Amino acid sequence: LYSAWSYFGPISTSEQHDHHEELKCINTRTTALLDKIIRDFRADALASVSAKQDPVELQAIFDRRSSAGGFNGHGHEGGVDRFVAQVLLPNKKNGRFFEMGAYNGIDSNTWYFEMSRGFTGVMLEANTGLFHKAKENRPNADIINAAIWDRVGFLAEMSGWGGMTVTTCTEQKPTKEQRAEHKEKAKSVRSEHDHPEYEDGKLGIPCSPINAVLKGKGAFDYVSLDCEGCEKFGVLSWDFKQNPAGIVNMELMTKEMASKMRDSGFVYLGPIVDHVWVRPGYIYEQNKDHWDEFCQAADVHDWHGGFTMTMGGHKSE
């Protein structure tokens, strides 16, 4: 993360005259968070060296810091949800989210926002087995069992393992032979990796453009697209007039997707774990009542924990 930010540099404000101050404040807060991460890790490492700990222990500290107490700690393995919550939306409550790639509902970019910030929203999961787990773990969310494609069709293939499912859609419904082949393949994956949810993934569920799925769902404050390759279909078929968004993160991004986001009026913040985009003016709108404090970033510099973090369904302060 630090290397990526150092390489790409702070987001450019020169071409965004109307929102120069807003982007400058985002830069300040992001830099403060990165400095905080490095300071905390260095302190742990020096303590370990002084105690003459083995290098393996240093790696263990790094892993522990990065998975529970450092930048990560919410539901996402990389911590992009924490960046959004802590740096961009420290004061936002009762917002709206959309998440494409709900997984089990707990290892999720939107878990923290619903459980600790009072957000409500919509989630989408193509794997039927994981869809049911997400419904169980997130009963208050509107969860849809569907796959995203550039046109209407049917889910014809699922690959991958452990629920990290790559989907393939076609215009024809899968045949009985395809269903039988998928079932046998899934049983093998389940036996090898002990992931029962994979066998429950059903072929034949609907595939459609995201604008059809989200019709009537309204605007979203935070959009998370993390679905092992289908992000492209989500971005390219999104109608931002029908479903406006404030912040969008995506795990994978192509030049075509970047062009769509820029043409839709978004500013790219950079590869901050995932690729993060914001609508100019949105961050100011959400933090204007505390703007001076927001721009000073004291809450980031002085942060020592203090809100509920989640990892794999377990909560810790």
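The disulfides of this predicted model follow the pattern 1-6, 2-3, 4-5 when the bonded cysteines are counted along the chain. The count comes to 3 disulfides, and each of them is worth a visit.

Start with the pair Cys 25 and Cys 295, whose sulfur atoms are 1.9 Å apart. The torsion about the S-S bond is 90°, and the link of Cys 25 and Cys 295 is right-handed. Cys 25 sits in helix 2 and Cys 295 in helix 13, so this disulfide joins distant parts of the chain, 270 residues apart. Both Cys 25 and Cys 295 are buried.

Next comes the disulfide between Cys 169 and Cys 207, with an S to S distance of 2.1 Å. Its torsion about the S-S bond is about -80°, which means that this disulfide is left-handed. Because Cys 169 lies in strand 6 and Cys 207 in strand 7 (residues 206–208), the pair ties together parts that are 38 residues apart in sequence. Cys 169 and Cys 207 are both buried.

The remaining pair is Cys 227 and Cys 230, with sulfur atoms 2.0 Å apart. Here the S-S torsion is -125°, and the link of Cys 227 and Cys 230 is left-handed. Again both partners, Cys 227 and Cys 230, are buried.

From the cysteines we can move on to the nonpolar interior. In soluble globular proteins, nonpolar side chains tend to be buried together. The largest nonpolar core in this model has 36 residues, and those with the most contacts inside it are Phe 83, Leu 88, Ile 247, Leu 269, Val 276 and Ile 283. Several elements supply at least two residues each to this core, including helix 2 (20–50), helix 5 (111–117), helix 6 (128–137), strand 10 (267–272), strand 11 (274–278) and helix 13 (291–296). Helix 4 gives the most to this core, with 6 residues. Another core, of 26 residues, lies apart from it, and among its members are Val 213, Phe 220, Cys 227 and Phe 240. You have already met Cys 227 as a partner of Cys 230 in a disulfide.

Now for the charged side chains. Side chains of opposite charge can pair when their charged atoms come close. The structure holds 8 salt bridges. One of them brings together the side chains of Lys 92 and Asp 221, at 3.7 Å from N to O. Lys 92 lies in the loop between helix 4 and strand 1 (96–100), and Asp 221 in strand 8 (residues 220–225), so this pair ties together parts that are 129 residues apart in sequence. Are these two charged residues, Lys 92 and Asp 221, buried or exposed? Both Lys 92 and Asp 221 are buried.

Compare that with Glu 171 and Arg 151, which form a salt bridge with their closest N and O atoms 2.9 Å apart. Glu 171 is in the loop between strand 6 (166–170) and helix 7 (176–193), while Arg 151 is in the loop between strand 4 (147–148) and strand 5 (153–159), 20 residues apart. Glu 171 is partly exposed, with a relative accessible area of 45%, and Arg 151 is partly exposed at 36%.

Lys 232 and Glu 256 form another salt bridge, with their closest N and O atoms 3.9 Å apart. This pair links helix 10 (residues 231–236), home of Lys 232, with helix 11 (residues 255–263), home of Glu 256, across 24 residues of sequence. Lys 232 has a relative accessibility of 34% and is partly exposed; Glu 256, at 45%, is partly exposed. Salt bridges that share partners also join Asp 150, Arg 151 and Glu 171 into one network.

Glu 256 leads us into helix 11, a good place to finish. Which residues of helix 11 are buried? They are Met 257, Ala 258, Lys 260 and Met 261. Seen down the axis of helix 11, these buried residues fall within an arc of 160°, so they line one face of the helix. The spacing fits a general rule: an α-helix has 3.6 residues a turn, so residues three or four places apart point the same way. The buried residues of helix 11 pack against helix 10, strand 9 (245–250) and strand 11. On the face turned away from the buried side, helix 11 carries the exposed residues Lys 255 and Asp 263. Just after helix 11, Gly 265 takes a positive phi of about 95°.

Methods: Residues are numbered from 1 along each chain as its sequence is written. This is a predicted model: local features need pLDDT of at least 70, side-chain atom pairs count only at pLDDT 80 or more; totals for chains, interfaces and linings use all residues. Side-chain values use heavy atoms; hydrogens and water are left out. A nonpolar core is a set of buried Ala, Val, Leu, Ile, Met, Phe, Trp, Tyr and Cys residues joined through side-chain atoms within 4.5 Å. Buried means under 20% relative accessible area, exposed over 50%, partly exposed in between (1.4 Å probe, protein chains only). Helices (H or I, at least four residues) and strands (E, at least two) are DSSP runs, numbered from the N terminus. A salt bridge is a side-chain nitrogen of Lys or Arg within 4 Å of a carboxyl oxygen of Asp or Glu. The arc is that of the directions from the helix axis to the C-beta atoms. Contact means heavy atoms within 4.5 Å. A disulfide is a pair of cysteine sulfur atoms within 2.5 Å.
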